[in-house]
Amino acid sequence: MQWETVIGLEIHAQLSTQSKIFSGSATTFGAEPNTQASLVDLGMPGTLPVLNAEAVRMACKFGLAIDAEIAEKNVFARKNYFYPDLPKGYQTSQMDHPIVGKGHLDITLEDGSTCRIGITRAHLEEDAGKSLHEDFHGMSGIDLNRAGTPLLEIVSEPDIRSAKEAVAYVKAIHALVRYLGICDGNMAEGSLRCDCNVSVRPKGQAEFGTRAEIKNVNSFRFIEKAINHEVQRQIELIEDGGKVVQETRLYDPNKDETRSMRSKEEANDYRYFPCPDLLPVVIEQSFLDEVRASLPELPGQKRERFEREFGLSTYDASVLSASREMADYFEQVYATCGDAKLAANWVMGELSSLLNKEGLDIEQSPVPAEHLGGMILRIKDDTISGKIAKMVFEAMAAGEGSADEIIEKKGLKQVTDSGAIEAMLDEVLAANAEQVEQYRASDEAKRGKMFGFFVGQAMKASKGKANPGQVNQLLKKKLEG
């Protein structure tokens, strides 16, 4: 039997506000445990929450960016459940009246094709604290610093059909919230977490299968691996005569498997009711107009502009616009050198390879964008060859200065004087007279292979400084003469 995977994702993006959603407590990551939890965060008697206006602004920014409906009136509700790191015994969230309604996001897949994923809603809520299970002699420790941190929960439609599509969607959300400046997207610190709802059904069946939810997956790689494992688990279970149970599961990256945590709760299990301490939030059109005017150029718009203005392929434009920092770096390189294709090749090639090797983000690049653009200028004006450029790039990465300084200091300027190149070629041919005779006595097919030998000898003799184009042209003339 052929099976179809159905996936819906719930992404929790921690909003980059200076204080929590209902109190003035700081949201700084890494503080000493329980030093950033106020009486409001703890739900102590007599305290009242005050809504953070900046969290509302950030949610509206996201809603406008995904072309979603923004609720003129949205309501906070209490989601009741007991857990040790939930000090109030309930989470203040939104249920029936979320701030962001239906929208969509277009994603680009690895083969260059695009597809549209529907977004059901995005709502504001407070985060819970954190349970710590190490170094407490068999007990758990509770850190409530995170309690009350503002979250935007982004719920997709069940439109995703593979683990790779799921990763592409999460990457697109990750890029979008960073472009908007509403979330730093640091998955290692829990700033962006994903719950994956996964089910399978026979191909062609309209009805959805029973889903399992994989909680709190915090890396792109783990999202793909967790979904693939869960899909395989469900298919094998059904084919062996079993039934998938609706439940919450945890992904264990060490064993590359999902395991059951608890049965999956329904909305009515949480006994939602409107929060009596918070008034409904009314969004005025003038406020939305102000937020819309503050939106930056979004990833999709930037990709289209890179294709239109710079003539880049969809793939190149997608890679370069994947993060705001990468796009800004590329545009700075282009502004210096004026050649979009060369700038794209060097940013996606040598620079990205260096950053991956060193484990650095683009904003930590040891090669400033102006220096890379300056080096590309020296390639364009034939001061250096592409081969020498790699040596210059390595020196720039080592902090030895700009391209011009390195070329001057190391004597790397390309030889373009035809007379000097001809004299050098004469020496090379004289030193390889036997190969010259063989070349001239050979047919066209063999000559093609032998020509590379003479080019190599010529570049070796010039220590890589001779202009390759001139070497090829003059060498062909001399060998044919």
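The legends below describe close-up views of a predicted model.

**View 1. Salt bridge between E325 and R178.**
The side chains of E325 and R178 form a salt bridge, with an N to O distance of 3.1 Å. E325 belongs to helix α7 (residues 324-337) and R178 to helix α2 (residues 163-180), so the pair ties together parts that lie 147 residues apart in sequence. E325 is partly exposed, at 26% relative accessibility. R178 is also partly exposed, at 23%. Across the whole structure, the search finds 31 salt bridges.

**View 2. Salt bridge between E307 and R303 within helix α5.**
The N to O distance between the side chains of E307 and R303 is 3.7 Å. Both residues lie in helix α5 (residues 299-310), and their separation of 4 residues is about one turn of the helix. E307 has 26% relative accessibility; because the buried class ends at 20% and the exposed class begins over 50%, E307 counts as partly exposed. R303 has a relative accessible area of 18% and is buried.

**View 3. Salt bridge between R378 and D404.**
Here the side chains of R378 and D404 meet at 3.0 Å, N to O. The pair links distant parts of the chain, with R378 in helix α9 (residues 369-380) and D404 in helix α11 (residues 403-410), 26 residues apart. R378 counts as buried, at 18% relative accessibility, whereas D404 is partly exposed, at 42%.

**View 4. Salt-bridge network of E297, K302, R305, E309 and E331.**
These five residues are joined into one network by salt bridges that share partners. Side chains of opposite charge can pair when their charged atoms come close.

**View 5. The largest nonpolar core.**
This core has 66 residues. Helix α2 gives the most to it, with 11 residues. The residues with the most contacts inside the core are F62, L124, I154, Y169 and I223. In soluble globular proteins, nonpolar side chains tend to be buried together.

**View 6. Surroundings of L124.**
L124 is one of the residues with the most contacts inside the largest nonpolar core. With neighbours within four places in sequence left aside, the contacts of L124 include L15, I21, A55, V56, A59 and F76. Also in contact with L124 are S93, Q94, I99, L151 and L152.

**View 7. A second nonpolar core.**
A separate core holds 38 residues. Among them are A327, L355, I376 and I406.

Note on methods. Residues are numbered from 1 along each chain as its sequence is written. This is a predicted model: local features need pLDDT of at least 70, side-chain atom pairs count only at pLDDT 80 or more; totals for chains, interfaces and linings use all residues. Side-chain values use heavy atoms; hydrogens and water are left out. A salt bridge is a side-chain nitrogen of Lys or Arg within 4 Å of a carboxyl oxygen of Asp or Glu. Helices (H or I, at least four residues) and strands (E, at least two) are DSSP runs, numbered from the N terminus. Buried means under 20% relative accessible area, exposed over 50%, partly exposed in between (1.4 Å probe, protein chains only). A nonpolar core is a set of buried Ala, Val, Leu, Ile, Met, Phe, Trp, Tyr and Cys residues joined through side-chain atoms within 4.5 Å. Contact means heavy atoms within 4.5 Å.
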